[in-house]
Structures are given as C-alpha cells and as structure tokens.
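User: I would like to go through a structure that is new to me. Could we take it step by step?

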Amino acid sequence: MSDDASAVPGGDNDKSGDNVHYLAGLDLHGRKVVVVGGGSVAQRRLPNLVAAGARVEVVAIDPTPAVESFPGVVVHKRAYVDGDLDGAWYAMACTDDPDVNAAVVAEAERRHTFCVRADEARWGSAVTPASGRHRDVQFGVLASGDHRLSAALRAAISRALADGSLDVDEQPHPPGVALVGGGPGDPDLITVRGLKLLMAADVVVADRLAPPELLASLGPQVEIIDAAKVPYGRAMKQEAINDVLTSKAKEGKFVVRFKGGDPYVYGRGFEELQACVAAGVPVTVVPGITSPISVPSSAGIPVTHRGVTHEVVIASGHVRPGHPDSLIDWSVLAQLRGTLVLMMAVERVDVFADALLAGGKPGDTPVAMIENGSLPTQRLIRTDLAHAGETAAREGLKPPAIVVIGAVAGFDDADAVAAFGDLDRARSAGDEARSAVDESRSARR
C-alpha cells in the first residue's frame with residue numbers, strides 16, 4: 001500500500017535485521033497519539049497511554065467494547081486513511097492486516113513520527129517495552145523483540161523490587177499507616193499493592209491469619225508486633241492495637257496493619273481508620289481478597305450460579321443466636337433462597353444449624369465446611385444442614401474455616417460437568433431447593 005522503502009523489508013532502509021534500540025521516556029501529556037486498530041493489542045496499550053496524559057485517538061473498523069468505551073479515548077469507527085497521523089507525536093499500528101500496518105508506518109516515517117508496529121516490531125521505528133512500576137519508579141525491558149523474555153524479566157524485576165531481594169537506594173516510605181488485607185492465606189494471593197507496602201514497612205502489626213510466609217520474608221530491621229486474636233483465647237485489645245498504630249506512626253515510622261482477608265470484612269479495619277484519622281495520622285486502606293468468596297472458590301464452590309442463586313449473605317458467627325449483642329435475625333436468614341456464608345462459626349456450627357432449621361430451612365440443604373482455605377492443608381467437609389453440627393464435631397473442624405450453606409455447597413470441580421453441565425439442569429437443581437423451602441413455609445402456615 002506504500003512505496004516508502006523504509007516501511008517494507010528489502011528497501012533501502014530495511015529493518016529486518018537485529019535492532020539495537022535507544023531507551024527513552026516520552027512525555028506524551030496533552031499530545032496526540034494515534035492507535036490504528038481496536039483489538040486486544042490496542043486494548044492492552046490504552047491504559048498506559050491514558051495514564052501518561054496522552055490525547056489518544058483510535059481508528060478501527062470494529063473496536064472491541066472495551067476499546068470503544070475506554071474513558072478519555074476518542075474512537076473513530078472506520079478504516080484507516082492516509083492523513084490520520086496528522087499532528088500525532090506517537091503512533092501504533094495494531095491491526096490484523098499487515099498492509100494497513102505497513103501503510104501506517106509509512107505515513108509515520110514521512111511525518112517523522114515514531115511508530116510501533118505490533119505485528120512486526122522490527123519494521124516500526126519504535127518498540128513498546130515490557131514496563132513496570134515500583135513506587136514512583138518506572139522501568140522498561142527490551143529483549144530484541146522477544147516479548148516473552150521481556151515480559152518474564154519484567155515480572156522477575158517486579159517481584160525482586162517488591163520483596164526487597166533487589167536492593168535499591170531509595171527514600172523510606174513517609175510516616176503513616178496502611179491497613180493491608182493479606183488474602184485468605186496463600187501468600188501468593190496478596191495484592192500487588194499490598195505486597196509493595198508490606199515490604200516498605202518499618203513496623204508490621206500482624207494478625208494471626210496474615211500469611212506468615214510474607215512476614216518471614218521481611219528484613220531484620222522491620223519490627224513485627226503480634227496482634228493475634230485467637231478465637232476464645234488470648235487477644236491484643238483493639239484499643240491497644242489502635243494505640244500502637246498511631247504511636248509508631250507519630251514516631252516517624254511507616255506502619256502496616258497486616259490482616260488476613262480484607263480489612264473491612266469482619267476485620268475492624270474501619271475502627272482502625274477512625275483511630276488514625278482522630279490522631280491526625282495519614283492512613284490508607286488496601287483491600288484484600290476476602291475469604292467468604294475466595295475460600296469456597298478454592299474448594300470448587302461458586303457462591304453464586306446463574307439459575308440457582310441470586311443472593312449471597314455473609315454472616316458473622318462471633319455471637320450465638322439470641323445473644324443480646326447479636327444483630328442477626330436468623331429466622332429471616334432461614335427464609336432466604338440463596339447462599340449463606342458463615343465466618344467465625346466453627347465453635348457453634350450446631351447452634352447456627354439449629355437456628356436455621358427452626359426458621360424453616362430444609363434439613364437436606366447442602367453444607368460445605370472448608371478448613372484452611374487456599375492453603376496446602378485445605379480440607380473440605382460436606383454434609384447437610386440437619387447433620388452439620390455433628391459432622392463438624394466428628395471431623396474435628398478447626399478454625400480458620402468457612403461454612404457455606406445452600407444449593408451451591410453441593411457443587412465441586414469434579415462433578416461440575418456431570419451434575420451441572422448445562423444451565424437447564426442447574427436451574428432444575430435451584431428449583432428443587434426453592435420448592436423445598438416453599439413446602440416448608442406452607443407446612444408452617
């Protein structure tokens with residue numbers, strides 16, 4: 001589509017040989033960038049371009065929904081035509097048509113505009129590095145067009161910077177507090193941001209359920225304070241936890257309050273945030289993967305399933321039904337048709353099961369109890385509501401454990417295809433469960 005020799009192999013400026021690229025950082029803020037093509041490649045490039053402040057325009061015949069609706073991007077739904085790069089500082093040829101990509105590169109060459117060619121990087125005038133970020137530092141990796149190698153090196157560098165094995169001379173984190181959720185137990189399930197802040201901490205105030213492997217990876221200069229709250233055992237008072245967070249931060253230290261799961265799901269995270277705000281201490285919250293969703297998932301149990309359940313209720317088992325401090329109406333929970341997930345319920349499975357049965361929930365409702373979810377020691381125990389208490393006692397169920405009650409508790413990875421291989425059969429199972437509840441209600445009337 002173009003007679004520009006620089007844009008095609010075999011021309012006067014053939015770029016089909018090995019290229020040695022010059023690494024540079026582009027200031028694209030407020031400057032026009034044109035992306036030709038609206039598929040998955042373009043979709044991956046848009047976030048960094050928009051984050052850099054570029055005025056991004058996409059030219060694509062049939063852009064993906066994600067590209068078409070990307071915030072801050074102007075999309076032209078048509079074919080590329082010569083002249084689309086007018087005023088562009090940077091361009092990307094990302095279509096699945098080599099001729100179109102070659103034409104985009106040719107126009108860019110004429111306009112002295114650097115251009116990435118996604119299908120044949122060596123024929124463009126620029127390449128996109130595998131890039132990463134560590135705090136305020138950006139880095140990029142080029143591997144002579146070997147994208148897998150550059151991506152692997154980027155990942156290795158990111159891990160090394162996050163866990164401190166790559167020592168860099170950097171400024172300490174400003175004083176303050178971060179409430180970090182460590183996930184359900186597997187150390188690999190902490191968020192990227194959570195891990196970065198943990199590795200930057202001067203002081204870590206850790207719960208019992210925070211992944212211990214991550215604490216073990218901290219340097220000897222990090223002060224670790226045990227704030228374990230063992231069920232029905234010793235515990236550091238919440239007031240003492242609040243005090244140590246604020247006092248250490250006021251000493252000029254960066255403090256990470258490290259919890260299992262998510263700080264705001266029965267983690268008293270908001271109480272700690274309130275204490276920090278009241279003390280004038282900067283505080284940030286890093287969400288974590290919460291156990292009432294992720295632990296059933298790790299056991300092959302979805303807490304929702306189309307045609308079976310439209311609601312999920314997460315309830316605390318910290319206090320028994322009928323206790324003056326209880327805020328839960330168990331008779332209402334018994335009437336719900338969806339999934340009920342109990343946390344902190346190990347010591348009272350029988351009591352909660354009896355309350356639900358008394359409220360009319362059928363005794364054959366499936367129950368799954370998952371101990372040590374996401375860890376190598378994970379254990380799945382299956383039963384029904386009528387036998388949940390005695391099963392938990394017989395099997396010696398120990399915390400931490402999640403109890404799932406409802407039709408989905410009968411699902412697992414092994415028999416998913418056989419038992420629920422199509423939507424109609426799944427709906428049928430849901431209908432049976434709902435019918436049992438309806439019959440129970442009618443009997444009580």
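User: Which residue follows helix 8, and what is the sign of its phi?
Analyst: Please note that the model is predicted. Helix 8 is followed by Gly-280, and the phi of Gly-280 is positive, near 75°.

User: Staying with helix 8, which of its residues are buried?
Analyst: In helix 8, which spans residues 269–278, the buried residues are Gly-269, Glu-272, Leu-273, Ala-275 and Cys-276. Viewed down the axis of helix 8, these buried residues fall within an arc of 160°, so they line one face of the helix.

User: Which residues are exposed on the other side of helix 8?
Analyst: Val-277 and Ala-278 are exposed there.

User: And what do the buried residues of helix 8 pack against?
Analyst: Their packing partners are strand 8 (176–181), helix 7 (238–250), strand 11 (254–259) and strand 12 (283–286).

User: Let us change topic. How many salt bridges does a search of the whole structure find?
Analyst: The search finds 16 salt bridges. As background, side chains of opposite charge can pair when their charged atoms come close.

User: What about Asp-82: which side chain does it meet in a salt bridge?
Analyst: Asp-82 meets the side chain of Arg-110, with 2.5 Å from N to O. Asp-82 lies in the loop between strand 3 (73–77) and strand 4 (90–93), while Arg-110 belongs to helix 3 (residues 98–110), so the pair ties together parts that are 28 residues apart in sequence.

User: Is Asp-82 buried or exposed?
Analyst: Asp-82 is exposed, because its relative accessible area is 53%, over the 50% cut-off. Its partner Arg-110 counts as partly exposed at 47% relative accessibility.

User: Which residue does Arg-117 form a salt bridge with?
Analyst: Arg-117 pairs with Asp-119, and their closest N and O atoms are 2.7 Å apart. Arg-117 is buried, with a relative accessible area of 3%, whereas Asp-119 counts as partly exposed at 33% relative accessibility.

User: And Glu-223, what is its partner?
Analyst: Glu-223 forms a salt bridge with Lys-248, the closest N and O atoms being 3.1 Å apart. This pair links distant parts of the chain, with Glu-223 in strand 10 (residues 223–226) and Lys-248 in helix 7, 25 residues apart. Glu-223 counts as partly exposed at 30% relative accessibility, and Lys-248 counts as buried at 14%.

User: Which residues do salt bridges with shared partners join into one network?
Analyst: That network consists of Asp-207, Arg-257, Lys-259 and Glu-272. Glu-272 is also one of the buried residues of helix 8.

User: Now the interior. Which residues of the largest nonpolar core touch the most other members?
Analyst: Leu-342, Leu-356, Met-369, Leu-397 and Ile-405 do, within a core of 23 residues. The elements that contribute two or more residues to this core are helix 10 (330–335), strand 14 (339–343), helix 11 (349–358), strand 15, helix 12 (388–395) and strand 17 (401–405). Helix 11 gives the largest share, five residues.

User: What does Ile-405 touch?
Analyst: Leaving aside residues up to four places away in sequence, the contacts of Ile-405 include Leu-342, Leu-356, Val-367 and Leu-385. There is also a second, separate core of 21 residues, with Ile-190, Leu-214, Val-222 and Val-256 among them.

User: One last residue: where is Asn-372?
Analyst: Asn-372 sits in the loop between strand 15 (366–371) and strand 16 (379–384). Asn-372 counts as buried because its relative accessibility is 18%, under the 20% cut-off. Not counting residues up to four places away in sequence, Asn-372 touches Thr-377, Gln-378 and Pro-400.

Note on methods. Residues are numbered from 1 along each chain as its sequence is written. This is a predicted model: local features need pLDDT of at least 70, side-chain atom pairs count only at pLDDT 80 or more; totals for chains, interfaces and linings use all residues. Side-chain values use heavy atoms; hydrogens and water are left out. Helices (H or I, at least four residues) and strands (E, at least two) are DSSP runs, numbered from the N terminus. Buried means under 20% relative accessible area, exposed over 50%, partly exposed in between (1.4 Å probe, protein chains only). Contact means heavy atoms within 4.5 Å. A nonpolar core is a set of buried Ala, Val, Leu, Ile, Met, Phe, Trp, Tyr and Cys residues joined through side-chain atoms within 4.5 Å. The arc is that of the directions from the helix axis to the C-beta atoms. A salt bridge is a side-chain nitrogen of Lys or Arg within 4 Å of a carboxyl oxygen of Asp or Glu.
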